[in-house]
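Subject: Structure handover

Hi,

As promised, I am passing this structure on to you. Please open it alongside this message, and I will walk you through what turned up.

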Amino acid sequence: NGIAQIMTDAEYETKVLEYIQKNGSITNEKCREITGLERGKSYRMLERLEKEGKIKPQGEGKAIKYVF
């Protein structure tokens, strides 16, 4: 119908965690690709998941990826 569906934060987080479970890790770029979020929002969500202890960063800078 052409109208973008807006997901809740919890739905975005679930999508990201499911992706990590299936693929082993996720990057900010992949997070943006699967959620449609812009760079800053994607980064803040990944950072929040990290602070909550749900994911851990691996690497640094542009090469950073997040794992369980």
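Below are notes on the overall fold, then on two glutamates, and last on a pocket.

One thing to keep in mind while reading is that this is a predicted model.

**Overall fold**

The protein has three helices and two strands, and from the N terminus the order of elements is α-α-α-β-β. Its C-alpha trace extends about 40 × 20 × 20 Å along the principal axes. The radius of gyration is 12 Å; a compact globule with 68 residues would come out near 11 Å, so the protein agrees with that expectation. Of the 68 residues, 28% are buried. As for contacts between residues at least 6 apart in sequence, 39% of them link residues at least 24 apart.

**Glu 13 and Glu 52**

Is Glu 13 buried or exposed? Its relative accessible area is 11%, and because the cut-off for buried is under 20%, Glu 13 counts as buried. You will find this residue in helix H1, which covers residues 9–23. The side chain of Glu 13 has a polar partner: a 2.9 Å polar contact connects it with the side chain of Arg 48. Setting aside neighbours within four places in sequence, Glu 13 touches Met 45, Arg 48, Leu 49, Glu 52 and Lys 54.

Glu 52, one of those contacts of Glu 13, sits in the loop that runs between helix H3 (39–51) and strand S1 (56–58). Its relative accessibility is 42%, and since partly exposed covers the range between 20% and 50%, Glu 52 belongs in that class. The side chain of Glu 52 makes a polar contact of 3.2 Å with the side chain of Lys 54. Lys 54 is thus in contact with Glu 13 and in polar contact with Glu 52.

**The largest pocket**

Which residues line the largest pocket? They are Thr 27, Asn 28, Glu 29, Arg 32, Arg 39, Tyr 43, Gly 61, Lys 62, Ile 64 and Tyr 66. Two elements, helix H2 (28–35) and H3, each supply two or more residues to this lining. H2 contributes the most, with three residues. Sorted by class, the lining holds four charged, three polar and three nonpolar residues. The space inside the largest pocket comes to about 250 Å³.

If you want a place to start in the viewer, try Glu 13 with Arg 48, whose side chains are joined by that 2.9 Å polar contact, and then turn to the pocket lining contributed by H2.

Happy browsing, and best wishes

Key
Residues numbered from 1 in each chain as written. Predicted model: local features only at pLDDT ≥ 70, side-chain atom pairs only at ≥ 80, totals over all residues. Heavy atoms only, no water. Helix = DSSP H or I, 4+ residues; strand = E, 2+ residues; numbered from the N terminus. Buried < 20%, exposed > 50% of the residue type's maximum accessible area, 1.4 Å probe, protein only. Polar contact = N/O pair within 3.5 Å; in protein donor to acceptor, adjacent residues only side chain to side chain. Contact = heavy atoms within 4.5 Å. 1 Å grid on protein atoms, 1.4 Å probe; cavity = no way out; pocket = protein on both sides within 12 Å on 5 of 7 lines; lining within 4 Å. Points joined across faces, edges and corners; volume = space filled by probe spheres on them. Nonpolar A, V, L, I, M, F, W, Y, C, P; charged D, E, K, R; others polar. Rg over C-alpha atoms; globule rule 2.2 N^0.38 Å.
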